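Let's walk through this structure together, one feature at a time. Keep the view open as you read, and turn to each residue as it comes up.

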Amino acid sequence: MSSIPFKDRNLLAVIGDEDSVTGLLLAGIGHVEHGKKNFLVVDSKTPIPIIEAAFEEYTTRKDIAILLINQHVAEKIRPTVDKYQQAFPALLEIPSKDHPYDPSKDSILKRVQKLFGD
């Protein structure tokens, strides 16, 4: 057992629309081992429980360092995203091609602003 709990966290995970996930997979973040993937493609037909299950899986896996999630997808599971408080994996909300980034909806940015008294 390592004395550094984050030492083995070497993967990125992504939950997002097809364009975002495809771009990140082409950049080399894709990893499939024993049928477990580190990505989920979300479209308008993806049920909320599937998105929440992927979020829970990726935030509890010990090999994921950063979880990227499209902001518009995070909005679908906002209560779950807002409850997440762990340092690892780090959670980052990213824009997509069709949905620009809105800082007023980013729960991580809100926490940072609250910490600094803004």
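A good place to begin is leucine 115, which sits in helix 5, the run of residues 107-115. Keep in mind that this is a predicted model. Is leucine 115 buried or exposed? Its relative accessibility is 69%, so it counts as exposed, the cut-off for that class being over 50%. Leucine 115 also has company: together with Val112 and Phe116 it forms a nonpolar patch on the surface, and the accessible area of the three comes to about 350 Å².

From nonpolar side chains, let's move on to charged ones. How many salt bridges does the structure hold? There are 6. One of them pairs the side chains of arginine 61 and aspartate 63, with an N to O distance of 2.9 Å. Arginine 61 has a relative accessibility of 10% and therefore counts as buried, since the limit for buried is under 20%. Its partner, aspartate 63, is partly exposed at 22%.

Now turn to arginine 78, which takes part in a salt bridge with glutamate 75 at 2.7 Å, N to O. The side chain of arginine 78 also meets that of aspartate 82 in a salt bridge, here at 3.6 Å. Both arginine 78 and aspartate 82 belong to helix 4 (residues 78-83), where they are 4 residues apart, about one turn of the helix. Through shared partners, salt bridges link Glu75, Arg78, Asp82 and Glu93 into one network. Within this network, arginine 78 is buried, with a relative accessible area of 11%. Glutamate 75 is partly exposed at 33%, and aspartate 82 is likewise partly exposed, at 35%.

Two backbone details round off the tour. As background, most residues other than glycine have a negative phi, and most peptide bonds are trans. Which peptide bond is cis here? Look at the one from phenylalanine 88 to proline 89, where omega is near -5°. Proline 89 lies in the loop that runs between helix 4 and strand 6 (90-94).

The other detail is at histidine 34, whose phi is positive, about 55°, although this residue is not a glycine. You will find histidine 34 in the loop between strand 2 (32-33) and strand 3 (36-37). With a relative accessible area of 76%, histidine 34 is exposed.

How values were computed. Residues are numbered from 1 along each chain as its sequence is written. This is a predicted model: local features need pLDDT of at least 70, side-chain atom pairs count only at pLDDT 80 or more; totals for chains, interfaces and linings use all residues. Side-chain values use heavy atoms; hydrogens and water are left out. Patches are made of residues with over 30% relative accessible area and no salt bridge: like charges are joined within 9 Å, nonpolar side chains (Val, Leu, Ile, Met, Phe, Trp, Tyr) within 5 Å. Accessible areas come from the Shrake-Rupley method with a 1.4 Å probe; for residues, only the protein chains shown count as cover. A salt bridge is a side-chain nitrogen of Lys or Arg within 4 Å of a carboxyl oxygen of Asp or Glu. Helices (H or I, at least four residues) and strands (E, at least two) are DSSP runs, numbered from the N terminus. Buried means under 20% relative accessible area, exposed over 50%, partly exposed in between (1.4 Å probe, protein chains only).
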